[in-house]
Amino acid sequence: MRIRIVDAFTDRPFTGNPAGVLLLDAFPDDNRLQNVALEVNHAETAFAHPLPGGGEADWALRWFTPVAEVDMCGHATLATAHVLHTTGAHEGPVRFATRSGVLVATPAEDGSITLDFPTAPLTGVEIPAGVADALGAEPLACADTGPHVGDLLVELADEKTVHALRPDHKALGAHSRRGIIATARAENPDLGYDFVSRCFFPNIGIDEDPVTGSAHTALAPYWAERLGRTALTGLQASPRAGRVRTELCGERTLLSGRAVTVIEGELLA
């Protein structure tokens, strides 16, 4: 069984968000999938197998953190599409059957890949008591991101505040199903991004996710409304960092980025 580690939403090794990718003939039992994800110990490990021709999807796709299966993962989907295209396992757009419906990944001539994901339904909420203390910063506004993303989106005063966050991860876990997306407007859009974010997911075993595609299905509509544009670029300011190009298309959000394979080996167990 071949296993690959792919850095997603970047074109340079050792940056962006690493994901394990395994292409299978069929899914083994869930315990084995979870054990492999725990062994890989990255934010997500993606498992995919081909589906019979003529259906609505080409490959079945599932994502696991080291402790749980998740409903949606952008960077591991990008990583899987990258592996399919670079190994010749699939050509052209690929349709994935997932917990979040059929997701399409389309390669471009420049090497980037665009994901077609459902837009997160945002609902403004009151700032929960305790969030400011857990984050170490006072929110300006908060929004619930809906069932598939499962985060609390928190706007902060400025980009510097987002960079400086040193949250209490255990305390953050009480405020959403998955975690917290902290965001602010870019201080200098001339640097090539419109907003900045960091993502903390203690409830699924990830204190800070390096670059989160699924979070950008919520960040895209949030900032499109405030900035008056549907095409934006987000910088996720984790220590590994990465950029996600977004385009809001109503109920769908397009997420674009690159990926690079850094490790390839054989799973022996």
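**Exercise 1. Locate A241 and describe its backbone and its exposure.**

Solution. The position comes first: A241 lies in the loop between strand 15 (231-236) and strand 16 (242-249). Strands here are DSSP runs of E with at least two residues, helices are runs of H or I with at least four residues, and both are numbered from the N terminus. The model is a predicted one, in which local features need pLDDT of at least 70, side-chain atom pairs count only at pLDDT 80 or more, and totals for chains, interfaces and linings use all residues. Residues are numbered from 1 along each chain as its sequence is written, and side-chain values use heavy atoms, with hydrogens and water left out.

The next step is the backbone. A241 has a phi near 60°, a positive value in a residue other than glycine. As a rule, most residues other than glycine have a negative phi.

The last step is exposure. Buried means under 20% relative accessible area, exposed means over 50%, and partly exposed lies in between (1.4 Å probe, protein chains only). A241 is partly exposed because its relative accessibility is 26%.

**Exercise 2. Assign F14 to its element and state whether F14 is buried or exposed.**

Solution. F14 belongs to the loop between strand 1 (2-8) and strand 2 (17-23). Its phi is near 70°, again a positive value in a residue other than glycine. With a relative accessible area of 64%, F14 is classed as exposed.

**Exercise 3. Characterise E109 and relate its position to that of W63.**

Solution. E109 sits in the loop between strand 7 (101-107) and strand 8 (113-118). Its relative accessibility is 88%, and E109 therefore counts as exposed. The separation from W63 is 46 residues in sequence and 27 Å in space, C-alpha to C-alpha.

**Exercise 4. Describe L38 and give its C-alpha distance to F64.**

Solution. L38 is part of helix 1 (residues 30-40). A relative accessible area of 47% makes L38 partly exposed. Along the chain, L38 and F64 are 26 residues apart, and their C-alpha atoms are separated by 8.5 Å.

**Exercise 5. Determine the surroundings of Y193 and V196.**

Solution. Begin with Y193, which is found in the loop between strand 12 (179-185) and strand 13 (195-201). Y193 counts as buried, at 6% relative accessibility. Contact means heavy atoms within 4.5 Å. Leaving aside neighbours within four places in sequence, Y193 is in contact with E159, A186, N188, T233, G234, L235 and R243. For T233, the C-alpha separation from Y193 is 4.8 Å, although the two are 40 residues apart along the chain.

Continue with V196, which is placed in strand 13. Its relative accessibility is 0%, so V196 is buried. Not counting residues up to four places away in sequence, V196 touches E159, V162, H163, A182, T183, A184, L235 and A237. E159 and L235 appear among the contacts of Y193 and among those of V196. V196 and A76 are 120 residues apart in sequence and 21 Å apart in space, C-alpha to C-alpha.

**Exercise 6. Summarise the chain as a whole.**

Solution. Take the secondary structure first: the chain holds six helices and 18 strands. Its C-alpha atoms fill a box of roughly 50 × 35 × 30 Å, taken along the principal axes.

Next, consider burial and contacts. Of the 269 residues, 54% are buried. Among contacts between residues at least 6 apart in sequence, 62% join residues at least 24 apart.

Then consider confidence. pLDDT is the predictor's confidence in each residue, from 0 to 100. The chain has a mean pLDDT of 94, and 100% of its residues reach 70 or more. Confidence is lowest in helix 5 (residues 169-172), at a mean of 89, and highest in strand 6 (residues 94-98), at 98.
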